[in-house]
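User: Please take a close look at one part of this model, its largest nonpolar core. Which residues and elements build it?

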Amino acid sequence: MIPPEDRAGFDGKVYVSTLSGAPGVYRMFDAAGDLLYVGKAGNLRKRVGSYFLKPRLEPRIASMVSQIARIEVTLTRTEAEALLLESQLIKSLKPRYNILLRDDKSYPYIHLTAGEWPRLAFHRGARNEGGRYFGPYPSAAAVRESIGLLQKLFRLRNCEDSYFRNRSRPCLQHQIGRCTAPCVGLVEAADYQDSVRHATLFLEGRSKLVQDELVATMERASAALAFERAAAVRDRITALQRIQARHYVQGASADMDVIACAIRNGIACISVLFFRNGVSLGSRDFFPRLGGDAEPPAVIASFIVQYYLERPLPEELIVSHLPEEAELIAEALGGQAGHAVEIKARVRAERARFLELALKNAQAALDARLASRQTLATRFEALRDLLGLEETPRRIECFDISHTMGEATVASCVVFGPEGAEKSQYRRFNITGITPGDDYAAMGQALLRRYRRIRDGEGVLPDVLLIDGGKGQVRQALDVLAELGVEGLNVVGVAKGEARRAGEETLILGDTGRTLWPGPESPASHLIQAVRDEAHRFAITGHRGRREKAREASTLEEIAGIGAKRRAALLKHFGGRTGLAAAGVEEIMQVKGIHRDLAERIYAVFHG
């Protein structure tokens, strides 16, 4: 989020550049802080970017975009979770532009009618007919989408009774695989009732039981050599995986707030997830001003006391870092609220998953904050003053080396400007022809290849060149630049301190050999850390990709701890490799014998 105090007019294009490509929900606010719109996305960067990067928008959308003063996002594990969370937020928060998309009638339901051949129907109004009603749903579109999914999974009819009774041949729904055609007797009543029961369990949130029964059905079909039927059931199992994430959003069983803190480069972010009556009310990010060298427990303690002093307090506060005086704070706030309050950090099951999600959101919001233009401008100016430059740098390049005991050495070059990271300018260099593990030679080769091209007119020189290393690496850089005849470049080495803690780096000025210790509070130090860390990340990513390619991609059979029995159990549980690839860590852990560490390794095989 780019808060109002950090901008003069909301710059959507800049904000989009800071967003993650993960799935999630976004919320748009106007200058008065009123919620304009809630939307979901499988890729937040692409979806939110469409509002600012498209040349022409519909008049209604263009009007909404013109009012945007800030955007907040909540990351989710999957797009299915984002869809559920979006529906809950629209229902609880009633954003202005979302409401315009709905009619003024009562909430709709799914109606599973009674009788020998029940049908799935859209229902709005009094619920005085027989059968079962499921809902309410936040919109008619959500009901129709759910009915479509149920038809694909369980192939139940949705036609009117008058139409059903007068059919002489199957309709189009049967032809496209969404109905078993009970109207003309193409399915046995017992089989149809099984599908009705599975649909009921699914709508009740008991999809795990449905999946277990489908797995058993698939095995029986395979044993009977009915492979087409087994494949059809396998596809149903795969589809079910997409909606099992439901419990990660709707699983809150109490009124609680989940609070996570992330601190990096002198900036703290508090991310809070709010749950009331089992419904998620969304999240909000806060950026408290730090007083000195603050740690997460102290930041959370200060936040809780100040934020809840005059606000309604839930029964539980789940925190990422437990304050030292948690019991005292809980007693004081509970006395004011009129009910007991618990502050907990050691949690399991659903609360642990929500806490993990809050931490993920805090990190994402912190990334966006660090990339904001005003913060960067302040840090660039501080770097100018620290290095004694005549003008504020406009371009910084940083080099780093990554390898594993000399194997698959990769050098990275990242570029930062006044707008932040310029990823289109990043470069990687696969280092060859050197003694394995010789970082000096690797750095020399990367610099030579980079600046030979720039010398020949294929790019521009940076104002500051950061080298991740000490005096030896700085000397290597100066020798290469001298060999190429490149002059006037400010070379700065970034050497880690004795304790290797962020903020304690020593800066080595290439022109004089003078050393500087800006300290952890220096904005210039924060900028250097951010650039150096990005170079490190980019180098490691390239190294891992090169190493894995050289060793060939890991397969399920090659994962340590996965034998024939576990491999068979995984494939059976998910209906094949495709279903396993679409599953999250929590779903993989549901297979007998698969613990978290192993599930995470399996997940990494498919997702990196």
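Analyst: Here is the core, followed by a short look at a separate sheet. The model is predicted: local features need pLDDT of at least 70, side-chain atom pairs count only at pLDDT 80 or more, and totals for chains, interfaces and linings use all residues. Residues are numbered from 1 along each chain as its sequence is written, and side-chain values use heavy atoms, with hydrogens and water left out.

A nonpolar core here is a set of buried Ala, Val, Leu, Ile, Met, Phe, Trp, Tyr and Cys residues joined through side-chain atoms within 4.5 Å. Buried means under 20% relative accessible area, with a 1.4 Å probe and protein chains only.

The largest such core has 28 residues. Ile110, Leu120, Leu150, Phe154 and Leu156 touch the most other members. At least two residues each come from strand E4 (109-112) and from helices H6 (140-154), H9 (189-203), H10 (207-223) and H11 (227-243). Helices (H or I, at least four residues) and strands (E, at least two) are DSSP runs, numbered from the N terminus. H9 gives the most, with 6 residues.

Now take Phe154. Leaving out residues up to four places away in sequence, Phe154 touches Ser195, His198, Ala199, Phe202, Val210 and Arg236. Contact means heavy atoms within 4.5 Å. A second, separate core has 25 residues, including Ile401, Val480, Ala495 and Ile508.

Then the sheet. Three strands form an open, antiparallel sheet in the order E2-E1-E3. Strands pair if DSSP finds at least two bridges between them. E2 (35-41) and E3 (70-75) are the edge strands, each pairing on one side only. E1 (residues 24-29) and E3 pair over 6 bridges. Gly24 has Leu75 of E3 as its bridge partner.

Technical notes
Buried means under 20% relative accessible area, exposed over 50%, partly exposed in between (1.4 Å probe, protein chains only).
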